[in-house]
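Work through the following exercises with the sequence and the structure side by side, and try each task before reading its solution.

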Amino acid sequence: MFIPFIVAGDPHPDVTVELALALQNAGASILELGVPYSDPLADGPIIQRAAQRALKHDMTLKKAIELVPLMRKKGLKIPIIIFTYYNPVLQLGEEYFFALARKNNVDGVLIPDLPFEESGHIRQLSEQSGLSFISLVAPTSRKRIEKIASRAQGFLYCVSSLGVTGVRDTLPNELYEFLKEVKTYSNVPVAVGFGISKSEQVQVLKEHCDGVVIGSALVQKIEQLADRLQQEETRKDALSEFQKYAQLLIEPLKCE
């Protein structure tokens, strides 16, 4: 299972729709659509820069949600998860956020800075709206793994290592024991994210989990292609290059 992450509005809202389609063509199972935020707690420099580019185009939580039907109209069929910090949801209004998400055929929501113990009301609203509330579990969650995993919906997002998102050359040795424990409690697929940026890492991880979340590596590629993606005469070739890059990253998932 390949779960890519991109930032809504980066490098331009229209391009976000095309990037989503390219990722579906590359083999994505689910799309995480990130909402740009000015104070991103969990995001490293690569995604922070993407958020700044998107904010220059006045991208908001509401506008990000409204990109979903445009993606559907263009042919996107895979589930879409809105990845947003809690403050934009609070500012928009919790009930309105879920009503808007449901109206625009969003499939799920992930709020990384909302602790499990404080998510009861949001989880209830999500369930009432028919959305999956995606839970995060981290290496520091040891005493809470069973509790978090037992309530997981859609898929369970395992954070591979401490710190912020970003491209990493290596993954921690203790990750595999952590994943083994998580899988004993989880009734939904277990996906690993944070730092996965090479096909070699995907090759190793595929034996220990049900899917990989790849964000920073893809966002970095978008940054490299940004100028070409925004020019109509070069966009098609840039999208093709992006799709091929994604396909190479997840090639091990296709090899049984």
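## Exercise 1: A glutamine side chain

In this predicted model, Q24 is found in helix α1, which spans residues 13–26. Determine which backbone nitrogens the side chain of Q24 reaches.

Solution. Begin with the surroundings: leaving aside residues up to four places away in sequence, Q24 touches G75, L76, K77 and I78. Next, look for polar contacts, for which the N or O atoms must lie within 3.5 Å. The Q24 side chain comes to 2.6 Å from the backbone nitrogen of K77, and to 3.3 Å from the backbone nitrogen of I78.

## Exercise 2: An aromatic pair

Classify the pair formed by the rings of Y157 and F194, and state which parts of the chain the pair ties together.

Solution. A pair of aromatic rings is described by the distance of the centres and the angle of the planes. Centres must lie within 6.5 Å, and planes over 60 degrees apart count as edge-to-face. By this rule there are 5 aromatic pairs. For Y157 and F194 the centres are 6.2 Å apart and the planes stand at 85 degrees, so the pair is edge-to-face. Because Y157 belongs to strand β7 (residues 156–159) and F194 to the loop between β8 (190–193) and α9 (199–205), the pair ties together parts that are 37 residues apart in sequence. As for burial, the cut-off is under 20% relative accessible area; Y157, at 4% relative accessibility, counts as buried, and F194, at 11%, counts as buried too.

## Exercise 3: Other aromatic residues

Which residues form one aromatic cluster, and which residue lies over the face of Y245?

Solution. The cluster is formed by F5, Y37, F83 and Y85. Over the face of Y245 lies K221, at 5.3 Å from the ring centre.

Notes. Residues numbered from 1 in each chain as written. Predicted model: local features only at pLDDT ≥ 70, side-chain atom pairs only at ≥ 80, totals over all residues. Heavy atoms only, no water. Phe/Tyr/Trp six-rings, centres within 6.5 Å; stacked < 30°, edge-to-face > 60°. Helix = DSSP H or I, 4+ residues; strand = E, 2+ residues; numbered from the N terminus. Buried < 20%, exposed > 50% of the residue type's maximum accessible area, 1.4 Å probe, protein only. Lys NZ or Arg CZ within 6 Å of the ring centre and 35° of its normal. Polar contact = N/O pair within 3.5 Å; in protein donor to acceptor, adjacent residues only side chain to side chain. Contact = heavy atoms within 4.5 Å.
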